[in-house]
Amino acid sequence: MSLAIKLTEERRARLAAERLLELKQAELYAANRKLGLHAQQLSEEIVETRAEVETIRDENQRVKSDLTAAHHKIAVTERRLWHSIETINDGFAFFNADNQMIMANRSYLNVFEDLEIIRPGVNYVTILQAMTDEGIVNTGPLSASDWRQMMSERLKNPQPEPAVIQLWNERYIKLIDQRGPKGDLVSLGLDITATVVFEQQLQEAREIAESANRAKSAFLANMSHEIRTPMNGVVGMAQVLSETTLDEEQQLYVDTIRNSGEALLVIINDVLDYSKIEAQKLDLKPQQFDLERALKEVLMLLEPSACDKGLNLSLDYDVFLPKELIGDPGRLRQVMTNLIGNAIKFTTKGHVIIRATGVPDWATGHVSLHISVEDSGIGIPETMVAHIFGEFNQVENERNRQFDGTGLGLAISQRLIEMMGGKIWVTSKEGVGSCFGFVVELAAAVP
Ligand code: ADP
């Protein structure tokens with residue numbers, strides 16, 4: 001190989017090496033740039049992270065101081081709450097879900113007069129045991145173990161009913177135990193001695209008042225009974241006198257005596273009945289009777305007054321009603337007379353319809369008897385409907401004032417129906433009419 005060729009090859013090789021160097025330098029530069037960028041990014045991130053750490057540290061500090069403040073507040077609140085609980089006169093205690101005492105106030109512990117075992121940690125059942133063993137509680141008719149059993153059973157209930165216990169010193173405590181959502185028990189012992197004593201006094205006073213009321217009613221019943229006898233004489237003699245030969249003026253006087261006497265007798269009879277019911281001296285006399293006949297007798301008696309007023313008096317009698325029933329016919333007649341009599345009295349035109357219905361229950365042999373009296377009379381204002389069943393209560397308005405009466409009829413009817421175990425009611429519309437009714441359960445007589 002010539003020298004010139006050798007030189008040319010060497011130059012070529014040098015040029016190729018130089019190009020490779022240039023290439024590698026460019027690559028190195030690019031890698032350096034990338035590294036520089038990455039380093040810059042990293043340092044930016046570090047700065048950011050530092051700032052975040054700083055913020056978190058601040059927040060942490062704030063939370064810590066808030067927590068300290070909150071702890072302090074809780075401690076103050078707890079102290080105040082406990083102080084308040086300590087100052088109340090009623091017993092207060094907390095128990096955990098296993099019925100172990102967590103804490104109790106002085107009033108609660110005082111009941112046990114510093115008994116060693118009654119302190120936080122003691123079980124509710126042990127407290128019950130101590131109460132009977134130490135004679136702290138008066139278990140009444142129950143034996144000590146029955147009482148404890150009853151009280152422990154009560155505690156098993158998720159929401160125990162309040163219980164009233166009597167302590168050895170005659171004080172009455174109402175125990176109100178309430179379970180929390182996690183089974184904790186708050187036990188409150190309210191001293192209700194004053195209320196119990198007051199209730200006892202009230203009961204005694206009521207009994208005295210009731211017996212005085214019965215004595216008054218008995219007196220009234222005796223008096224009206226005594227007045228009735230001579231009054232019957234007056235009315236009877238006026239009747240006899242009116243049948244003798246009298247001039248027109250004398251006839252008027254005698255009729256006035258008789259009418260007034262009869263009106264007075266109605267009042268005396270009402271007062272007598274009412275006072276007998278009040279004195280509990282009125283007994284029902286159940287016997288077999290024919291209801292349809294009893295109703296027709298009442299209607300026969302009242303028909304003339306309905307006729308005088310031109311009223312249409314009708315009876316709608318259910319054919320399915322048994323012929324004979326067992327009940328007090330006299331008293332049922334009295335109620336029906338009152339309701340139908342009122343319907344005629346307070347109706348000036350139109351109708352009075354009496355309906356008697358009732359389907360016998362063959363299984364029991366009883367009939368639920370419904371009797372209603374519907375009229376097209378003056379009606380009763382809505383506000384007065386409840387009032388009219390009270391004794392001596394009448395609707396006090398101009399339309400009503402023209403009708404006489406004692407205001408005792410409905411009170412007596414209501415009491416009689418209640419004595420029979422039934423119910424009496426009324427529906428009415430002023431100016432349109434009323435419908436009085438009652439339901440009583442009577443036995444059907446065996447044919
Ligand atoms: P009395 O009829 O003797 O006044 P009641 O106790 O029988 O006593 O009735 C009380 C009151 O109820 C009556 O005064 C009257 O105001 C009202 N009342 C009773 N029945 C009717 C009726 N059918 N229509 C309108 N008002 C009535």
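Which residues lie nearest the centre of the second largest pocket? The points below address this and other features of the model, which is a predicted one.

1. The second largest pocket has Ser107, Tyr108, Val111, Leu167 and Ile173 nearest its centre, and 22 residues form its lining. The elements contributing two or more residues to this lining are two helices, H2 (106-110) and H3 (124-133), together with the strands S4 (163-167), S5 (172-179) and S6 (185-191). Helix H3 supplies the largest share, 4 residues.

2. The volume of the second largest pocket is about 380 Å³. By residue class, its lining comprises 12 nonpolar, 6 polar and 4 charged residues.

3. The largest pocket encloses a volume of about 1400 Å³. Its lining is made up of 50 residues, and those lying nearest the centre are Val266, Asp270, Asn338, Asn342 and Lys345. Two or more lining residues come from each of helix H6 (248-278), helix H7 (291-308), helix H8 (329-345), helix H10 (409-419) and strand S14 (433-444).

4. Which element gives the most to the lining of the largest pocket? That element is H8, with 13 residues. The lining as a whole divides into 22 nonpolar, 19 polar and 9 charged residues.

5. Turning to the chain as a whole, its secondary structure consists of 10 helices and 14 strands. The radius of gyration is 49 Å, whereas the globule rule gives 22 Å for 447 residues; the computed value is well over that figure, so the chain is more spread out than a compact globule.

6. The overall dimensions may be read alongside that result. Taken along the principal axes, the box filled by the C-alpha atoms of the chain is roughly 195 × 75 × 50 Å.

7. What percentage of the 447 residues in the chain is buried? Buried residues account for 33%, where buried denotes under 20% relative accessible area. The accessible surface of the chain amounts to about 28900 Å², and carbon and sulfur atoms hold 57% of this area.

8. A final point concerns contacts along the sequence. When contacts in the chain between residues at least 6 apart in sequence are considered, 59% of them join residues at least 24 apart.

Technical notes:
Residues numbered from 1 in each chain as written. Predicted model: local features only at pLDDT ≥ 70, side-chain atom pairs only at ≥ 80, totals over all residues. Heavy atoms only, no water. 1 Å grid on protein atoms, 1.4 Å probe; cavity = no way out; pocket = protein on both sides within 12 Å on 5 of 7 lines; lining within 4 Å. Points joined across faces, edges and corners; volume = space filled by probe spheres on them. Nonpolar A, V, L, I, M, F, W, Y, C, P; charged D, E, K, R; others polar. Rg over C-alpha atoms; globule rule 2.2 N^0.38 Å. Buried < 20%, exposed > 50% of the residue type's maximum accessible area, 1.4 Å probe, protein only. Contact = heavy atoms within 4.5 Å. Areas by Shrake-Rupley, 256 points an atom, 1.4 Å probe, with all protein chains shown as cover.
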